[in-house]
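Work through the exercises below with the sequence and the coordinates open beside you. Each begins with a task and continues with a solution in steps.

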Amino acid sequence: MKKLLLFMAIAATGLSACDSRRPQPLTIDNALTADEIAAGILTPEVMWKMSRAGSSSLSPDGRTLLYAQTDYNMAENRGVTTIWVEDLATKAVTRLTDTASNNADPKWSADGEKIYFLSDRSGSMQVWEMTPAGGNARQLSAFDKDVEGFGISPRGDKAWYVQRVEVCDRKSSDVYKDMDKSKARIYDDLMARHWNYWDEGSYLHIFVGDFGAEGLKPGVDIIGKDAAWDAPLAPYFDMAEIAWNNAGTMLAYTCKPLTGTEYAVSTDSDIFVYVLENGVTQNICKPVNVNTGEPIADMATMAGYDKYPVWSPDDRQIAFLSQRRAGNESDKARLFLYDCQTAQMQDLTEDFDYNAMNVVWSGSDMLYFIAPIEATHQICRIAPSVGEVEVVTRGDHDINAFSMAGDRIAAEMCTISMATEFFDVNPADGTLTQISAINKPVYDNIRMGEVQKRWVRTTDGKQMLTWVILPPDFDPAKKYPTLLYCQGGPQSVVSQFWSYRWNFQLMAAQGYVVVAPNRRGLPSFGQEWLDQISGDYSGQNIRDYLSAIDDVAKEPWADESRMGCVGASYGGYSVYFLAGCHEKRFKAFISHCGIFNFESMYGQTEELFFINNDYGGPYWDRSNEVAQRSYANSPHKFVEKWDTPMLIFTGEYDFRIPYTQSLEAFTAARVRGIPARLLEFENEAHQVFKPQNSLVWNREFFGWLNKYVK
């Protein structure tokens, strides 16, 4: 996938003030207007004035927090990413880069004397360095293609970087040189497109090159110039899948070396280790005896995604995340330990019924990580020698990332009522202390609604955690229109997340009570709760939705005659399915990029392992009872029961749930005579990211609800 730069810029450092080539900084005006302050509620316009922070890391001495921040200009329909530091002793915050270019992915040098980062100020995205005060900015790479990610070795003599490599010809104009105006693409196997881009024969590869006083030199493609796959993995291209060892002599990375149909039906990625000295690469997840060729480890335990290698400080072990079950992208993410001397594997979280993520070593005998637990995200730790997970932090919040320097932990945290801010974490007792106030001007002037934590009894006698978000200035004597929120994924937790697309506080601020259940099929409640949904989309999880909305509807302040149902992706499917069985509960539906027709979806999507796992298999397998039950309960089979107005959103570049699914649903609704509206974004994919598109989305979203529900 080609990275879309927000804008191209000439180097902002080292040019004279009168140089006509110097781009003008993007104007960022985050100040609330007098009317917004007077209203005191969250609106889409206010939300887009909020700064978005992340990519944080503590300096080696633990005294300074480094992070990136993105701000937007609505009129320009674009944003810019800048780099900041906060002195944790004085709380002084300094922006190190201006808004004339995008500057991202900041990293500390091993000694803390420099900051390395990516910048497009020279006209393409390249590696740069500067001092921690923002001075002496210097370009370190000058490649003919964008650098997508990088990492300087701990000893500072080498660097890995990721670039796009042309591997094979897919364009007809490349195959037929005399047909240079032809616009065809040619394929002989699956994965013609992925998530939001067509496969045109180029892939991201990892390079290792010399690094020193003269900067970063062109390096060796360690994936192989003919490898028709990506490392890091598509479609997210997460650079955290690549890690130097502490000696700077080896590189561990994630790769799925498969192509075509085999790639489309498999989640079998592995951890590879590249040795700089001899150029040898070893797959540590499938090690073999060099004499017999027989596998050393039980390969059945490594049949799914293996990702995110992290070396121990002494380089003797590699921690990584591993999923056991092939084809199940939502299997438990186990924290595994690989011994580099014995090639032995150890599952550290075998008795811990939650996923692990964001693994960090503290010395060579303790690992910290994040786990989703009961619709929150908490920091946990485990000593391999002890083998028991300890939950460090507690509370209703999401800790999404953290870094460590000595005994100091700095975490990125959000809640349903707060966008990401930075917090100090006391490792002794898990106490959280806020150390940033990035969006304080907004919170000081905007009233948020109360978030209630509610346990709802399901139809099979289980307890389901449901968040209920009340409007600001809530009056229990009044009656409020109420929305059921249907989560996507389908295996994505309804946690204490802050979203710039599906924001619960934004919905509540418009006068709606929001009901957000952690229905069956969501993580953070154990693997059994999560697994229910696979092969049973229309089963207990649908009944869980109705249990949640029926429970809240009993409240005297919930207006049972004014209820709506909204959701995206699997949540969009849920909307379509509930439209055929809601028994007059809802006055309006809104579906964003939802699955409508299971049979056509099977032939239209790209990663077939997803629907093979979630549907049970292809529609033509008549002997597969699970699959046949799934297809029998496809929403399009129940359109004759639709009787409620429906708004449908979709993106033209959505190749996971292609826009044709939305077109089918819209056609069915209108032919049935049901009030319906279709919004198709020609420059969006599965989500809506662009500023003005987002405002249009929100205006249509709330316009539909206000018309039919409020």
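**Exercise 1. A buried strand end**

Task: find which residues Thr-415 is in contact with, leaving aside its neighbours within four places in sequence, and decide whether Thr-415 counts as buried or exposed.

Solution. Leaving those neighbours aside, Thr-415 is in contact (heavy atoms within 4.5 Å) with Asp-396, His-397, Gln-496, Phe-497 and Trp-498. Thr-415 itself lies in strand 29, which covers residues 408-415, where helices (H or I, at least four residues) and strands (E, at least two) are DSSP runs numbered from the N terminus. Its relative accessibility is 15%, and Thr-415 therefore counts as buried, given that buried means under 20% relative accessible area, exposed over 50%, and partly exposed in between, with a 1.4 Å probe and protein chains only.

Before going on, note that this is a predicted model, in which local features need pLDDT of at least 70 and side-chain atom pairs count only at pLDDT 80 or more, while totals for chains, interfaces and linings use all residues. Residues are numbered from 1 along each chain as its sequence is written, and side-chain values use heavy atoms, with hydrogens and water left out.

**Exercise 2. Two further strand residues**

Task: describe the surroundings of Thr-81 and of Glu-166, and classify Thr-81 and Glu-166 by accessibility.

Solution. Start with Thr-81, which lies in strand 3 (residues 78-87) and counts as buried because its relative accessibility is 13%. Beyond its neighbours within four places in sequence, Thr-81 is in contact with Ala-68, Gln-69 and Thr-70, and also with Ser-101, Asn-102, Asn-103 and Ala-104.

Then turn to Glu-166, found in strand 10 (residues 158-166), which counts as exposed because its relative accessibility is 54%. Not counting residues up to four places away in sequence, Glu-166 touches Lys-145, Gly-201 and Ser-202. The C-alpha atoms of Glu-166 and Ser-202 are separated by 4.3 Å, although the two residues are 36 apart along the chain.

**Exercise 3. Backbone exceptions**

Task: locate the cis peptide bonds that precede Pro-232 and Pro-490, and the positive phi values of Met-191 and Trp-195.

Solution. The background is that most residues other than glycine have a negative phi, and most peptide bonds are trans. Ala-231 and Pro-232 are joined by a cis peptide bond with omega about 5°, and Pro-232 is found in the loop between strand 15 (220-221) and strand 16 (242-244). The bond from Gly-489 to Pro-490 is also cis, with omega near 0°, and Pro-490 has its place in the loop between strand 34 (480-486) and helix 6 (504-509).

For the phi angles, Met-191 shows a positive value of about 70° although it is not a glycine; Met-191 lies in the loop between helix 3 (172-175) and strand 11 (193-194), and at 11% relative accessibility it counts as buried. Trp-195 has a positive phi near 60°, sits in the loop between strand 11 and strand 12 (197-198), and is buried with a relative accessible area of 13%.

**Exercise 4. An enclosed helix**

Task: determine how many residues of helix 9 are buried.

Solution. Helix 9 covers residues 570-579, and ten of its ten residues are buried, so the helix is largely enclosed by the rest of the structure. Among them are Tyr-570, Tyr-573, Tyr-576 and Phe-577.

**Exercise 5. The chain as a whole**

Task: judge how the chain compares with a globular protein of its length.

Solution. Begin with the inventory, which is 14 helices and 39 strands. The radius of gyration is 26 Å, close to the 27 Å that the globule rule gives for 710 residues, so the chain is as compact as a globular protein of that length; the radius is taken over C-alpha atoms, and the rule is 2.2 Å times the number of residues to the power 0.38. Along its principal axes the C-alpha trace spans about 70 × 65 × 65 Å, and buried residues make up 58% of the 710 residues. Finally, among contacts between residues at least 6 apart in sequence, 58% join residues at least 24 apart.
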